[in-house]
Amino acid sequence: MTEQDAAEVVEAGEADATKAAGPGDPIIEMEGVGKRFGDFVALRDVDLCVGRREVVVVIGPSGSGKSTLIRCINRLEEHDAGRIVVDGVELSNDIRNIQEIRRETGMVFQQFNLFPHLTVLDNVTLAPRQVLKLRRRNAEEMAMALLERVRIPEQAAKYPGQLSGGQQQRVAIARALAMKPKVMLFDEPTSALDPEMINEVLDVMKDLAHDGMTMIVVTHEMGFAREVADRVVFMADGQIVEVGTPEHFFLDPREDRTKLFLSQIL
Amino acid sequence: MSRFVAEPSGGAIRWLRRNLFRNPIDGAVTVVGGVVAAWVIWRLVRFVLVTGRWEIVEVNLRLFMYGRYPEVHVLRLSVAVVVAALVGGLVAGVVHSRQVRAGTSTVERMTPARRLLDLLERFWPLGIGIGIILSMTRTPGPTVTVAVAVIAAVLGRIAGGVLPRRLHPVVAIAAVATPFVLIWYLADAVGWNDWTGMMLNVFLAVSSILLCFPFGVLLALGRRSRLPLLRGMCTTLIELVRGAPLYVLLLMANVALGFFVPQELAPGKVVRAIVVFTIFTAAYVAEIVRGGLQSLPSGQEEAAKALGLSPTRITFLIVVPQALRNVIPAEVGQFISLFKDTTLAGAAMGLFEVLRVSEAVRAQPEFAGQNLLPETLGFVALLFWVGSYTMSRESQRVERKLGVGQR
């Protein structure tokens with residue numbers, strides 16, 4: 001990525017709120033990204049640029065394409081229009097590119113998706129050992145440090161099925177962090193949790209944001225968006241309707257669809 | 001069921017009245033059923049204890065168990081049994097220590113007496129079978145072997161429990177290698193084609209189970225492959241094999257193979273039987289495993305992809321282990337039927353397995369024409385029941401254990 005490109009992106013951001021680049025140099029650039037499922041248009045001409053160390057929260061009604069958007073970034077869904085560049089690597093059908101981008105992006109799912117046949121420790125060490133070729137001892141030391149960070153080191157020897165939802169989601173975060181990703185993608189990480197467990201997960205995510213992790217978070221937790229987000233992206237019908245700082249967003253939304261959505265959930 | 005009864009039950013009479021004699025028809029059914037059951041049980045007990053002429057089994061016990069395996073090499077059988085027990089104990093110990101670590105052990109908090117009861121509950125069919133066989137032996141060899149095997153199993157279990165974690169993979173490898181090594185060790189004395197008796201049935205079953213398993217998994221994966229040629233080949237093989245009776249396949253291996261392969265190059269009958277059993281069971285295992293693969297939520301594969309694991313690693317580290325675990329009962333059911341189907345190898349291929357042994361001993365001069373069918377068939381049935389029932393119960397136990405917290 002040349003300086004000129006970066007300048008263009010910044011310029012474009014100034015020209016149009018939906019293309020706003022975040023602070024610092026961009027790590028994820030999406031240009032004109034489109035995705036269809038049969039006749040259903042999930043994403044329509046989406047432009048989004050995320051800077052390093054930036055926290056972007058994506059909100060919007062269900063079916064608006066929020067999950068599809070972040071699932072395109074690590075190729076869990078294949079976009080069929082536009083281009084996506086992650087840390088200078090453009091997503092193409094080249095399996096090596098895809099693998100490289102997946103190594104650099106961690107993902108946390110709504111349903112946790114921990115591997116039920118492996119212990120918590122093995123869940124966290126699996127990818128570092130298999131993909132990064134770490135030795136078992138080093139991988140386990142790192143995993144224990146991460147489990148400390150998500151505040152459940154004492155559960156290391158257990159199986160996911162023995163943990164509560166909040167604990168499982170924190171293990172999932174540790175598992176994603178174990179690959180030392182440059183970007184973390186969160187796909188509604190608290191939507192499947194009982195209310196009393198939501199905060200323990202959000203607290204871990206806040207810590208992560210404060211430590212400077214680049215994050216894209218699809219969530220319905222407006223409190224989290226207000227407190228942690230650098231920018232909030234509002235999506236509807238597969239399009240980005242409005243982008244702005246939390247202050248702008250919650251105090252002075254410009255678009256009618258945004259106002260309608262916020263009035264429904266706040 | 002009595003627990004659905006609202007008022008407290010008032011003794012045996014009331015229970016009987018409520019459950020067996022609620023109205024005249026109930027009473028009649030109870031009386032008739034009771035009389036028939038009593039008659040059958042009485043005949044059975046009388047046959048086992050009084051009228052049965054068990055000397056035919058007693059005299060031919062060796063022939064039943066290990067057929068014509070040379071007497072000078074019988075010590076190898078004892079060694080094999082003891083080694084198998086030792087490795088089995090080691091594996092149980094390792095599994096237990098891992099469960100304790102993960103907090104999923106169900107026996108950890110049991111008192112020693114309760115644990116012994118648990119073991120008894122698990123292995124009573126095996127115990128009864130071994131007890132009956134030992135009661136008919138005339139030399140101390142088998143009893144000593146069983147005693148040593150039990151000690152070896154206990155020692156293995158204790159050693160496995162305190163083994164350092166880094167040695168656990170070694171035990172896993174040893175567990176997989178042991179059957180192959182033991183089969184080779186036993187075959188070393190007589191060659192592949194001279195296995196006979198119950199030993200042959202066990203040999204056919206064990207080798208076919210070991211071989212059909214990886215083969216079946218690969219077939220299942222092949223049937224889900226994106227490559228049309230591979231998918232087509234796997235589907236064709238599975239459906240062809242599943243469409244043919246096992247007996248016919250065995251007959252074909254016995255007779256038809258000679259038309260295609262020159263006599264000198266054709267493998268021996270035992271090897272042919274193993275090939276047929278392996279392919280046959282693999283086709284069924286493939287379908288069972290395919291069901292397991294399909295039942296896996298897509299999130300598992302997505303999570304593995306998101307971590308950057310390669311497709312091969314996703315398949316063999318994430319997808320297959322979970323799919324196999326989900327279908328353990330069906331797999332074991334298939335293995336049980338394979339174990340029993342080994343008797344077909346006698347009828348179709350003339351192998352001297354245990355059922356053919358039972359025919360042969362009935363033709364012996366001192367027993368011929370005395371209608372000893374019930375005794376000999378009864379004994380063969382007992383051998384198969386012990387093996388099948390133990391396998392079935394152990395699979396249920398594994399299934400239950402995996403349900404504890406690992407899902």
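I started with a nonpolar surface patch on chain B: I41(B), L44(B), V45(B), V48(B), L49(B) and V50(B), sharing about 600 Å² of accessible area. Patches take residues with over 30% relative accessible area and no salt bridge, nonpolar side chains being joined within 5 Å and like charges within 9 Å. Areas come from the Shrake-Rupley method with a 1.4 Å probe.

A note on the source: this is a predicted model, where local features need pLDDT of at least 70 and side-chain atom pairs count only at pLDDT 80 or more. Residues are numbered from 1 along each chain, and chains are lettered from A.

I looked up V48(B) next. It sits in helix α2 (residues 24-51) of chain B; helices are DSSP runs (H or I, at least four residues). V48(B) counts as partly exposed because its relative accessibility is 42% (buried is under 20%, exposed over 50%, partly exposed in between).

Then I went to the salt bridges (a Lys or Arg side-chain nitrogen within 4 Å of an Asp or Glu carboxyl oxygen). I found 29 of them over all chains.

Which residue does E302(B) pair with? It is R71(A), with the closest N and O atoms 2.7 Å apart. This pair crosses between chains, from helix α13 (residues 298-306) of chain B to helix α2 (residues 66-73) of chain A. Both E302(B) and R71(A) are buried.

My last stop was R165(B) and E140(A), whose side chains meet in a salt bridge at 3.5 Å, N to O. That pair also runs between chains, ending at E140(A) in helix α5 (residues 136-149) of chain A. R165(B) is partly exposed at 33% relative accessibility, while E140(A) is buried at 14%.

Key:
Heavy atoms only, no water. Helix = DSSP H or I, 4+ residues; strand = E, 2+ residues; numbered from the N terminus. Buried < 20%, exposed > 50% of the residue type's maximum accessible area, 1.4 Å probe, protein only.
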